[in-house]
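Q: Please take a close look at how the parts of one chain meet, and then at how that chain meets its partner.

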Amino acid sequence: MERRTLLKMIALLTGGAVIGGDAFLTGCSSSKERDLRERLKLTPKQIVFLDEVADTILPTTQKSPGAKAAKVGSFMTVMVNDCYEAPDQEIFIDGMEKLEAACKKMHHLGFLEATAEQRLALLTAIDKEAKEYAQKKGAAPNHYYTMFKQLTLLGYFSSEIGYKQALRYNQVPGRYEGDVPYEKGDKAWA
Amino acid sequence: MEANTYDAIVVGSGISGGWAAKELCEKGLKVLMLERGGPYEHVKDYKSALREPWDLPHRGRTTTEQKKKYPVIHRGWAASEAVMDGWVNEEDCPYTELKPFTWWRSYRMGGRSTLWGRQSYRFSQMDFEANERDGIAVSWPIGYNDIAPWYDHVEKFAGISGSIENIAHLPDGQFLPPMELNCVEKDVAKRIKREYGDKRHLIIGRTANLTALIPGRSKCQFRNRCWEGCPFGGYFSTQSSTLPAAMKTGNLTVRPYSLVRQVIYDKNTKKASGVEVLDTENNQTYEFKSKVVFLCASALNSTWILFNSATDIWPDGLGSSSGELGHNVMDHHYNIGASGIVEGYEDRYIFGKRANGFYIPRFVNIGNDKRDYLRGFGYQGSASREGWGREIAELNIGGDFKDALTEPGQWTIGATAFGEILPYHDNKIALDKERKDKWGLPVLAMDAELKENELKMRKDMQEEMKAMLAIAGIKNVNTWDNGHAMGHGIHEMGTARMGLDPKTSVLNKWNQVWDCLNVYVTDGACMTSSGCQNPSLTYMALTARAVDHAVSELKKINS
C-alpha cells in the first residue's frame, strides 16, 4: 500500500490526522526537554503495559496471533521516540498514567492486574471517548488513546506476523491479474 | 588524448544524461559523464529493496530528525523511510522561494531516474502546434514528425508497456504488452465509452516497467517497490538501462562528486571548450575539455549552469541574449481529483502489485469541445479494495475487529488530474546572489505561480472526474483540491526553451544554445510548452535526436 493512502486510511479510522505526520517546532525549555527524554526511556514494565493495551485492541484470535506477539509495545516506543514531536511525546507518556488511572476508577485494579474482559470494557469506553474527542477537537492536543490505537494498527499490520499471518504476503508476485475470484474469509494482500 | 579531454561531456546522470551518454558512446565518442552526487550502484546499493518491509524500524514513516532535515520533501508524499537517502541534503543545497516552489531533487548517480513515476506518453502534433495556434509564447521549432522516429527509438530500448488505442492526440508507440486493468476499472472504462463514445477513454497507464524481456534485464515482478531501486532491473533507470549500455562500449568515464560550476566559453571560437568542475569531496576545481557539451542536469540546474557561464560576455549567462533564460517555468499542476465507492465486486480481487494505474487522456479543448481556458489535463488513477486502515461498522476494538481488518474491504476508485501550465515570461527563476550553498555558490530563487488559465482549469479537473465517476455508477463521490505549488508536479521545465528565433528562445530546433552551438540542453529546460503528459519520454527522444545531430555536425568538421 502506498504510504499516503495508508496515512489517509489510518487518519480516517481514528478520526483525525495521523499523529507525527506533521512537523512543527516546539518551545520546550531545556530542563523540561531533559525530563521528557528521561521519561521516554520506557521500562520493561511499561513496554509490557503497552503490549497489553495493544493486545486488547488487536488480540490473538483463532485466525492469527495478536499485537503482543508482534511486539507492538516495543514498536510504539521506537515510534514515539523517533517520530513524534515533543508535545505528542508528552501526551503519550502521560497517557499511560491516565489510562492506568481510568482503569483503577472503572475496575479498582491496575491495567495489568485487570482481566481481559475488564481491559476490553475500559478500552471500548475510551475508544468511544477518543473518537468523539477527535471529531470536535480542532487544533486542541491529540488524545493519548488515538496514539495508542494508531500505533497498534500500524505496528501490528506492518509486522512480520501482520504481513504473513494476519494478511497474505508475496514478496515477489511476478505477475498481475486484475480479476481473480475472492471468497469471504480470504485474507487481504499485505 | 590529452588528460582531462574527451569528445563529449555529459552533465548529469538522470534520464536525459543517461540517454546522452549511451547514444554518444554508441556512436564512438569518448564521453565523460559528470554527476554532482555520489555513486549509487545498480542492485548493490538498493539497500532496502530485498529486505522485508517489517525490517524498517519505522515501517516506512520518517523520523522527526528527517522531517527537519528534509522539509521540502515532507511537503508531499515522497518522504518514505526506505528512500530518504535518495533525496538531496536540503541544508547543504538551499533555494529561495519568492513564491512557494516545491523542488524535488536527487543528487546521486542516476538522478531521479530511480525515483521517477515511469508514466511514459508521447506528445502529439496537437501539443507541438499548441503555442502557435493559441498565440502563446513562441512556437515549437519541431513537429510530431520530427520526433516520432526518436520516440520509436527510445521506447524500444527503454521498454514501455501500453495498449494501442489509436487516439490522435496521444500517439501509440512501440509498446511491450499492456498491463491489465482490474475488473472494476474495465467496467468503468466500458461505462465511460458508452456515455462519451470516442471522446473519452480510460486506458491502462503506459509505463516504463517491462512486461516482456529486454536483454540484460528482467521483467517487472509486480512488487510495487520501484523507488527502492529494482534488483530485477524491471523498470527503466540510468542504472538498469542506459548506463550498462554506455559502459559496454568502453567509451564512458563516469565522475561522481562533480558539480559543474560553468561551461567554459571561448570568445575566439564562439564555442564551449569544456566545463569547470567543483569536486564536492575535496573542494578542488578541475577543468575538462570536450568538443561538445550536453547539459542534462535537470531543468532548473542546467539553467543554473548557464546563468553562471560566459558572464563576461553576457552578464546574465550563456543563452541569456534572448532575455528568456530562466523564464517560462512550467510544471504540471495536480493534487486535485475525485474518488468514490464502488458497489459490488465483493467476489473479485487482484493478484500482484501493479506499479501502474489507469490513464484518461485529455478530452477538453479537442474537436468541438471548447472551454473558457486553454489546453487541458489528463487523469491518473486506480481502483482497489480497501485495506486494514478502513473503518469497520460497529467494530472498533477486539478480536472481531482485528479479524474483519484482515479481509479486504470494499472497492474504491479515484483519480488525480495532471494539467498543462502555460509558459509565462514572468514565471521565472534567477540567481539569488545573497544566498550561498554549502560550496559558496549562489542558489536559485524561484518566482513562479499558477495563473488564471490554470485556476480556471482546476475547476474542470475536479468536476469532470466527479461527473465521470457518477456516470459510471460510483457512489459517495468526493472531490479534493490540495492546491498546487509550482514544482510539486516534479515536471519542472521550460527555463531554456527551444524556438525558431534566437531573439525569443534559448535553444534552436536541435537543442543547441543559439549563442554557443556546441552546447546542447536536452532535459526539461528545453520545453517550449508543457502538454499535460508526463514528459520524461519526450526528454529521452529529444536527447537521442540531439546526439544524432551533434555527432553528424562533428563528422562534418572532421571530414
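A: The domain assignment splits chain B into domain 1 (1–55 + 88–159 + 237–331 + 425–448 + 491–559) and domain 2 (163–235 + 334–420 + 450–485); such bounds come from an automatic or database domain assignment. This is a predicted model, where local features need pLDDT of at least 70, side-chain atom pairs count only at pLDDT 80 or more, and totals for chains, interfaces and linings use all residues. Residues are numbered from 1 along each chain as its sequence is written, while chains are lettered from A and ligands numbered from 1 in the order in which they are written.

The C-alpha centres of the two domains of chain B lie 31 Å apart. In chain B, 33 residues of domain 1 are in contact with 36 residues of domain 2 (contact: C-beta atoms, placed from the backbone, within 7 Å). On the domain 1 side, α3 (125–134), α4 (144–158) and α6 (238–248) of chain B each supply at least two residues. Helices (H or I, at least four residues) and strands (E, at least two) are DSSP runs, numbered from the N terminus. The largest share of that side, five residues, comes from α4(B).

Now the partner. The contact between the chains takes 48 residues from chain A and 45 residues from chain B. On the chain A side, α1(A) gives the most, seven residues. Strands join in too: three bridges link β1(A) to β13 (residues 348–351) of chain B, and the two run antiparallel. Strands pair if DSSP finds at least two bridges between them. Within this pairing, Glu177(A) stands opposite Phe351(B) in β13(B).

Definitions and conventions:
Contact = placed C-beta atoms within 7 Å.
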